[in-house]
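Visitor: I would like to learn how to read a structure of this kind from its overall layout down to single residues. Could you take me through it?

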Amino acid sequence: MGGKAFGNFGGSGRERARRRGQGQLEAQVLAALHHSPGPATAAWVQDRLGGDLAYTTVMTILSRLHAKQAVTRERSGRAYVWTPAADEAGLAALRMRRVLDGEPDRDAVLTSFVSALSAHDEQLLRTLLDRDAADGPGPAENLPTTDGLTASDGPAGPEEPHAAPSPGRHRPSDEARGG
């Protein structure tokens with residue numbers, strides 16, 4: 001382990017690492033893993049990130065990503081080798097689901113989120129939901145939610161089970177689609 005880990009203690013390398021947020025570090029670690037030719041060690045990831053992060057910091061980030069199911073790990077001797085299970089978009093989606101899961105009023109959070117979307121993002125979301133509806137109900141759609149409804153019952157009601165709620169938003173394109 002040598003003096004390198006302690007040599008940066010309080011130095012410029014540590015300050016650079018401190019300026020990066022946890023989400024940014026996670027994204028950088030995932031990006032490094034995605035560029036690896038196969039499962040990678042924490043030391044390999046540390047080297048690819050420029051070496052200004054302590055090995056223990058890289059291990060902490062990898063462990064957090066593992067807890068979030070964004071990476072998988074496998075024993076290789078005394079160490080682990082790590083493989084990405086999600087890309088950066090998948091990690092962001094996982095964070096969004098965790099935030100939603102932690103809120104007591106999911107309907108209010110989703111309503112607020114959807115009502116704040118740009119027209120482009122709302123149309124993209126509608127397209128994705130329509131595509132999902134065309135593919136048929138997935139296993140998660142039949143699971144009961146905390147209010148006793150199934151996910152397909154949703155806030156839009158039985159007439160439009162996949163429509164995203166958007167109170168207070170009306171567009172001419174909604175009328176053209178019968179909305």
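Guide: Let us begin with what the elements are: helices are DSSP runs of H or I with at least four residues, strands are runs of E with at least two, and both are numbered from the N terminus. Please keep in mind throughout that this is a predicted model.

Visitor: With that convention, which pattern does the protein follow along the sequence?

Guide: Read along the sequence, the pattern is α-α-α-α-α-β-β-α-α-α-α, and the elements comprise nine helices and two strands.

Visitor: How would I check the geometry of one helix, and what does helix 8 show?

Guide: The expected span of a helix is 1.5 Å times one less than its number of residues. Helix 8, residues 119-134, has 16 residues and should therefore span 22 Å, which agrees with the 22 Å between its end C-alpha atoms. After helix 8 comes Gly-136, whose phi is positive, near 95 degrees.

Visitor: What share of the residues is buried, and how much area does the protein expose?

Guide: A residue is called buried when its relative accessible area is under 20%. Of the 179 residues in the protein, 24% are buried, while the exposed surface comes to about 11500 Å², with 55% of it supplied by carbon and sulfur atoms.

Visitor: Why does Ser-36 count as buried or exposed, and which backbone oxygens lie by its side chain?

Guide: Ser-36 has a relative accessibility of 13% and therefore counts as buried; its place is in the loop between helix 3 (22-34) and helix 4 (42-48). A polar atom of the Ser-36 side chain lies 2.8 Å from the backbone oxygen of Leu-33, and the backbone oxygen of Gly-38 lies 2.6 Å from a polar atom of that side chain.

Visitor: Where is Thr-83 found, and what is it in contact with beyond its neighbours in sequence?

Guide: Thr-83 is found in strand 2, residues 79-84, and at 30% relative accessibility it counts as partly exposed. Leaving aside neighbours within four places in sequence, Thr-83 is in contact with Pro-39, Val-71 and Thr-72. The C-alpha atoms of Thr-83 and Gly-38 are separated by 7.3 Å, although these residues are 45 apart along the chain.

Visitor: Which residues lie over the ring of Tyr-80?

Guide: The charged end of Arg-73 sits over the Tyr-80 ring, 4.2 Å from its centre, and Arg-75 lies over the face of Tyr-80, at 4.4 Å from the ring centre.

Terms used
Residues are numbered from 1 along each chain as its sequence is written. This is a predicted model: local features need pLDDT of at least 70, side-chain atom pairs count only at pLDDT 80 or more; totals for chains, interfaces and linings use all residues. Side-chain values use heavy atoms; hydrogens and water are left out. Buried means under 20% relative accessible area, exposed over 50%, partly exposed in between (1.4 Å probe, protein chains only). Accessible areas come from the Shrake-Rupley method with a 1.4 Å probe; for residues, only the protein chains shown count as cover. A charge sits over a ring if NZ of Lys or CZ of Arg is within 6 Å of the ring centre and within 35 degrees of the ring normal. A polar contact is a pair of N or O atoms within 3.5 Å; within protein, one must be able to donate a hydrogen and the other to accept it, and residues adjacent in sequence count only if both atoms are side-chain atoms. Contact means heavy atoms within 4.5 Å.
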